[in-house]
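Subject: Structure handover

Hello,

Please find the structure below, with notes on what turned up in it. The notes start with one term and then go through the chain part by part.

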Amino acid sequence: MAFHVRQSLFYVWLAVVLSVICASSIASGSPYHIRSKLPWNGTLDKNTKELTNSKQWDFLTLSLSWPQTFCTLEGDENVTCQIPPDVNDLAIHGLWPSGKSDPFSCNNTWKFNVTEIQDLKPKLLVEWPNVLPDRPEDSLWQHEWEKHGTCAASLPALNSQHNYFEKTLELKEKYNLLEVLRSYGIVPSDSKQYQYDDVFNSLAKALKKQPYLECYIPLQNPDVFYIAEMRICLDKQFGLIDCTKSSMMELRSNRVTQRENQPCTTKLPLMIPPIQH
């Protein structure tokens with residue numbers, strides 16, 4: 001009888017412990033909770049106890065953010081955001097290996113080392129800036145390298161930190177999307193509104209491939225879309241390919257904020273709010 005009592009108490013204790021662990025995982029946004037929702041092929045790294053992705057990927061996504069929209073979103077979340085005075089263009093968000101598995105964090109031991117890109121730093125501060133002043137200036141670079149660069153490194157042209165950041169800067173300069181829009185009369189403005197088809201078709205005509213646009217509906221102006229991100233897709237030889245909606249939806253990040261970007265559509269007019277330093 002005593003044995004059965006002890007056994008019953010053990011199972012009660014085990015159930016309590018497991019429920020606490022699960023609740024803690026959900027509350028803290030642990031990788032196990034968040035990543036389990038994603039369409040990926042994961043493996044367990046026995047050394048780091050981190051879930052890591054398959055390294056297989058099919059194409060690259062160059063994602064460029066409009067800084068003022070980002071700061072509007074962060075402001076709606078009561079987060080301090082400050083655009084550096086030299087930043088007046090789309091800012092690099094990242095260069096992401098993409099495809100069915102959408103790999104990330106492919107090598108948890110390959111840590112970011114800013115000394116390896118010291119010569120690129122002046123350009124990175126302008127083209128790939130950190131706009132959150134409470135974080136280190138290289139925090140975004142670290143995040144993008146460790147999450148995406150370690151996977152992109154399977155491509156010889158991107159097989160080092162320097163190559164990864166240098167190539168991303170080169171691609172951003174080559175495909176000057178803001179200048180393309182200006183050539184079609186689409187410019188940042190407090191008052192001008194644009195139709196989705198006009199913005200999309202202007203970029204598609206210049207690129208000869210389909211881009212992908214993400215927007216944000218600001219709290220103070222809920223009847224319009226603010227353009228948040230412009231993305232182009234490239235093959236492994238860095239040639240442009242179409243960004244399909246299905247492939248881009250798989251890249252939707254799990255934000256910890258209550259509000260987030262969404263695909264731009266025709267349901268609302270689009271605006272590009274002017275940058276405020």
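One term is needed before the rest: helices here are DSSP runs of H or I with at least four residues, and they are numbered from the N terminus. Please also keep in mind that this is a predicted model.

The definition is needed for the salt bridge between the side chains of Glu170 and Lys167, where N and O are 2.8 Å apart. Both residues belong to helix H6 and are 3 residues apart, which is about one turn of the helix. Their cover differs in class: Glu170 is partly exposed at 41% relative accessibility, while Lys167, at 17%, is buried. The cut-off that puts Lys167 in the buried class is a relative accessible area under 20%.

The chain as a whole

The chain has 277 residues, and 44% of them count as buried. Its secondary structure is made up of 9 helices and 9 strands. If you take the contacts between residues at least 6 apart in sequence, 73% of them join residues at least 24 apart. The exposed area of the chain is about 14,600 Å², with 53% of it supplied by carbon and sulfur atoms.

Other salt bridges

How many salt bridges does a search of the whole structure find? The search gives 8. Besides the one in H6, these are worth a look.

Lys121 and Glu137 meet through their side chains, with 2.7 Å from N to O. Because Lys121 lies in helix H4 and Glu137 in the loop between H4 and H5, this salt bridge ties together parts that are 16 residues apart in sequence. Lys121 is partly exposed, at a relative accessible area of 21%. Glu137 is also classed as partly exposed, at 38% relative accessibility.

Helix H4 takes part in another salt bridge through Lys123, whose side chain meets that of Glu173 at 3.1 Å, N to O. Glu173 is in helix H6 (residues 161–174) and Lys123 is in H4, so parts 50 residues apart in sequence are tied together. Glu173 is exposed, with 54% relative accessible area, and Lys123 is partly exposed at 38%.

There is also a network of salt bridges, which links Asp89, Glu127 and Lys172.

Aromatic rings

The whole structure contains 7 aromatic pairs. In one of them, the ring centres of Trp110 and Trp145 are 4.9 Å apart and the planes stand at 85 degrees, so this pair is edge-to-face. The cut-off for that class is planes over 60 degrees apart. The two residues sit in distant parts of the chain, 35 residues apart: Trp110 is in the loop between strand E4 (91–98) and helix H4 (121–127), and Trp145 is in helix H5 (residues 139–152). Trp110 is partly exposed, with a relative accessible area of 29%, whereas Trp145 is buried, with 0%.

Both tryptophans also belong to a cluster that ring pairs build from Trp110, Phe112, Trp128, Trp145, Tyr164 and Phe165.

Charges over rings

Which residue lies over the face of Trp57? Lys236 does, at 4.6 Å from the ring centre. Elsewhere, the charged end of Lys147 is placed over the ring of Phe104, 5.9 Å from the centre of that ring.

Helix H3

Helix H3 (residues 67–76) is mostly covered, with 8 of its 10 residues buried. Those buried residues are Pro67, Gln68, Thr69, Cys71, Thr72, Leu73, Glu74 and Asp76. Their cover includes strand E3 (59–65), E4, strand E5 (212–216) and strand E6 (225–234). After H3 comes Asn78, which has a positive phi, near 60 degrees.

Ser202

Is Ser202 buried or exposed? Ser202 counts as buried, at 6% relative accessibility. This residue is in helix H8 (residues 196–207). A polar atom of the Ser202 side chain lies 2.6 Å from the backbone oxygen of Asp198. Apart from neighbours within four places in sequence, Ser202 is in contact with Val180, Leu181, Tyr184 and Ile186.

Regards

Methods. Residues numbered from 1 in each chain as written. Predicted model: local features only at pLDDT ≥ 70, side-chain atom pairs only at ≥ 80, totals over all residues. Heavy atoms only, no water. Buried < 20%, exposed > 50% of the residue type's maximum accessible area, 1.4 Å probe, protein only. Contact = heavy atoms within 4.5 Å. Areas by Shrake-Rupley, 256 points an atom, 1.4 Å probe, with all protein chains shown as cover. Phe/Tyr/Trp six-rings, centres within 6.5 Å; stacked < 30°, edge-to-face > 60°. Lys NZ or Arg CZ within 6 Å of the ring centre and 35° of its normal. Salt bridge = Lys/Arg side-chain N within 4 Å of Asp/Glu carboxyl O. Polar contact = N/O pair within 3.5 Å; in protein donor to acceptor, adjacent residues only side chain to side chain.
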